[in-house]
Structures are given as structure tokens and as C-alpha cells.
Amino acid sequence: MDYCRELLHTLNEFRLENHLCDVELIVGNNRFAAHKNVLCASSIFFNGLFSSSMRERQENTVNLKQFPVNIMEDLLTYLYTGKLEVTEATAQDFLAAADFLLLPKLKTILESELEQYINPFNCIPLLHAAKAYSCQRLASVCIQCMKVSFSEVSKLEEFSSLNFSQVFELISSRDIIVQSEEEVCEAVICWVESNPNTKDYFTKLFQQIRLFCLQSDYIRGLLSNELLDERCLRAIELSKHHTPTSPYLMKPRTCLDDYIDVVLLCNRAFDPAVVCYAPCLEEWYEFQPIAGGISWQCLAYCNGCVYAVSGNGWSGCINPASHVHCYDPSTNTWAAKAPLLHDADEFGMAAIGKFIYVVGGHNRHGVRTELLQRYDTCTDTWELMSPLHPARSGTCVVSHNNQLYVFGGSTNDKCLTSSMIYDQLSDSWSQVAPMSYSRSSACGIVVSEKVFIISGHSDEAYGTNSINDIKPITACEVYDIRTNSWSSIPDITLQRSNAGVVHIDGKIYVFGGDDMISFAQQGESMEYFDIESCKWSSPVEFSDLHVTIARPRACALRLPKSFVQALNNAI
């Protein structure tokens, strides 16, 4: 190693003495002697230049007029010896040279060096440099600095030099640090007004503002701004009905958010207990119990409250009526509501607007039904809508916009692959692309125009297509609402029929379930699917819970952080 260092040092001495040099690099009015073979060995750019038929190969001169003179000597020293002294003043010039000369190792070194100098007042120029020279890591650090210091950065003159995509990335992020949401709105208005050609982008940016966090006086003043179009005004009107407990609407900036996402889980085993899981805290809590002795079939968030709907239970069980209870976060109480028109068990349920829909199921005698029952949360009344044929139980039901999506289920003789859509506006059913597997008692969740269908059980596993031969499956698939097509995702780790599922912050959490053969409970474990990485986590046991949640029903909800932390731990 000493020999190598000594050799490089000697070659650099030869360069400084112009000994055996065979090329000159021209920078401004200055000429720098060098050796072609050393330059070729050090730089992909020089290797290509001197190996081609370009004139520099014949003339033995290279004009580097775009390089600052003050860095050229140090740059050559690096090419010969690998040593370089960088300061904050010269780092960007070296980065430009490293990019031009195709020196990836030097670019990496310079990225690390520049990261140390990033602050709110230079992060925008450094972001532009990072983008110009394809330094992804440096760009990410600059963006992070802008998020953390958004209050300062958004007031700088340089903020107007950001393009739409960069501004959108900042405005749409929950992680920007601000004193109030008004700062974000002002930043958007100033950026658009500083860039006259960007007025068409205003509505898209405005839709990322947490309007429900704006003060009423500020909104009144905002209404006179000519940038607001009909879509903006409608968004302002809708924001007046925002409920902070909703898990599906846009969330406040993290720094302004006093609420956290939790999962409520209740048991289908005639147990009044309700437990609450907070993913961000990784804690379990005991929650306000419901009325006892009832087999709760489904949970749904609707109109600012959580609704628990029970069926009649299995034949022979003491549960002759169908019960509906409503949890109001503002009072922390459960209240009884009007029961189902027709008792049912093993049904699917989902909410659209102010309505809750109960799909299919079977009655206390085990007879499957095609009924679609609709509950109006405002009037506390039920009505029958267009039935779904054939009669089925164990369906997976989700909602999107004004439609219900019903997947699979089982008839009297088989599990189904069918996928059906119910349109609320026309009160009608239609069929879409079927699933790849027949399945019943699967769980499903909608995330960004896609429906994730997870596990369940199937009769295809035995090849008999008989409802008497069922087996849980680990296969999962995704339905794309826009293209009416299916794709597969990795299998879930454990077989989970009748599991509970929610989506929170890019992760799909699956709780409990059973294997439908030995009825071995997976109720003491959960796992989650990370949508971005397309991977399942390893199952996490929670066997120390004070209550069991076999065959749980789950619902996502947002509750005040202080309220959740005041609950009793369930472990």
C-alpha cells in the first residue's frame, strides 16, 4: 500500500514539473499539464474522450472552459492521489466538475460533505444543484430540511424558484413543521403569485391544505381571493363538516395534530369487551365495553361515530334479536339503535355517506339470504334495498365513492369468485372481474382506488368445489377499481379466516382470525402489509391481552392522544 501511495505521489510530482506530460487542460487563461493515461484511469469522461476520434485526441488539448480556475489544481490532485480538501465555498463547484467528468465516488464524497452545510437558507439552492447533478440523497436531505424549517423556508425569495412538483411534495406532506395551517396557505398563494404561469396549479395545491385547521376569520378573508375557483369554494364548504375522528379524511400536519389513529376491536364470541390498539404507540388499551352477551358481526365508521351491528348468532345460541350500538367519541358512550329489519349472521357490512349497508348473511335457522339492508344514521331507521342474487353469507364488503364492492362469500353449495358492485344512486347491482380464487370470510380494505382482499377460506383447496370441504387460504390479491383487473401480492403469513382489517398510514393491519379446520385461533396475533415495500411483517403475538379477540371485528378511528393515553393498558 505504501508503494501505491508513493507511486501516485511521484506521478503527481511529474505533473507539477510537466515531466512526460502529453496533454494540456485549458481553463480560462490557464493551462494545466497532465498525463492522458492517469486521466483515463481516473475518469470515465477522459477515457471516452481520448479513446474516441474526437479532435482532443489528436491535438492533445482539452478545453474545460466551464470549470472555475480555483478548483482545477485541487481537482487534478484528486485525480492523481485521491486526496481532496473541500470547503463550503468550493463544494458545489467540485460537485459540478465531478458530475461532468463522471466521477461517481467523488460525487458521493461531495454529497456527504454538502449535507453537513445544509440549513434553511441554502437548502433551496442546494436542492437545485442536487437535481441538476442527479444527487438523489442530497436532494432528499434538502427536502427534509425544507419540511422541518418550512416556516422559514416558505418566506424566502428562493421559495418561488421551486417547481410545482417540489411545492406539491412539501404542501402534501404531513411532516412539514409550521406554527399554523395558515402559513401553508400563505406559502401557496405567494408561490402562485410569484409565478404567473402557475395559476392553473393553484387548485391542486389548495386541495392539499388542511382547510379544517384554518381559523374562520382567515377563511372569510380567503373567500375574496380571485385564485379560488368553484372546486376550491366547494372544498371550503365541505371542510365545515370535517370530523377530527374520521380515519379516512385528510389528516392535520403531524405537528398540529392532537389526535392519533387507533383500531377498535370487538369480539364475535358473545363478549362485551372492546380493545383499542394504537399503532404509533404500539400499545393496547381497554376500551368502553358494549352491551354483554352479543355476538358482534361488524364494525363501521360512519358520520363521526362507530357502529357495531350484531347478528342472531349460530342456531341454538341465546341471541334472538339483531342489535345495533353506536359509539360517540364526543361522549365516550355506546348507545342502542334500531335493530336490523331481518336478523342475520355472517353478513358483510360497509358505510357510504350517512348510510350503513348490511349484505347477505344467514338467519338463525342457517338459511342464507340475498337481502340488502340499509341503515340511515341520521334517522335511526332501516330499509330494504335491491337484493343481491344468489343468496350468500361470508361476503367481503367494502365501499368506495357511492358504490359497494362485494367479493366472494358462500352459497349453499360452494364458495364464490364473483365480484359485484352496488350503485347507491341507482339502487342496482352489476358484475365486475371475478377474483382469482373462490373465497369466503375474507377481509378487505380500499386504499387509493385499489381493494386488497386477504386470506379467507376456499373450497378450491380440496379440488371438490364443495362447501363441505373448505380450507383457509393465505393467498391475497388486489382489485384495481380503475382498470377492473386483478393482480397478486405476497401471501399473508398465517391462514386467517374471519379476521379484522384496517388501513393506517400505508400499512394494512390484519388481526386474529381462525383456520376453519381445527378452529385454531390466530386471535392472539396480528401482522401488517406495508404497501410501499409490498411485504408482510412477521406475526406479532399479543397473548398477554386481558381479553381475547378471536374472530375480531376491526374499525379505524382517530381519537385525542390524551384520551387514548389515559385508558387502562390491556397488557
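## A hairpin and two sets of strands

Let us start at a turn: in the hairpin of strand 19 and strand 20, two residues lie between the strands, and Ser448 there takes a positive phi near 50 degrees. Strands here are DSSP runs of E with at least two residues, numbered from the N terminus, and two of them pair if DSSP finds at least two bridges between them.

The model is predicted, with local features needing pLDDT of at least 70 and side-chain atom pairs counting only at pLDDT 80 or more, while totals for chains, interfaces and linings use all residues. Residues are numbered from 1 along each chain as its sequence is written, and side-chain values use heavy atoms, leaving out hydrogens and water.

Strand 20 (residues 450–454) has four of its five residues buried (under 20% relative accessible area, 1.4 Å probe, protein chains only), so the rest of the structure largely encloses this strand. Its partners appear below, together with a pair from another part of the model.

| Antiparallel pair | Bridges |
|---|---|
| Strand 19 (residues 443–447) and strand 20 | five bridges |
| Strand 20 and strand 23 (residues 476–480) | five bridges |
| Strand 4 (residues 259–266) and strand 5 (residues 274–278) | four bridges |

Across these pairs, Val446 stands opposite Val451 in strand 20, Ile453 faces Glu477 in strand 23, and Leu264 is opposite Cys276 in strand 5.

Strands 4 and 5 also belong to an open sheet of four strands, ordered 6-5-4-30 with antiparallel pairing. Strand 6 (283–287) and strand 30 (553–560) each have a single partner strand, so these edge strands are left with one side lacking a neighbour in the sheet. From one strand to the next, the twist averages 30 degrees, where axes are lines fitted to C-alpha atoms and angles run from 0 to 180 degrees between N-to-C directions.

Methods. Buried < 20%, exposed > 50% of the residue type's maximum accessible area, 1.4 Å probe, protein only.
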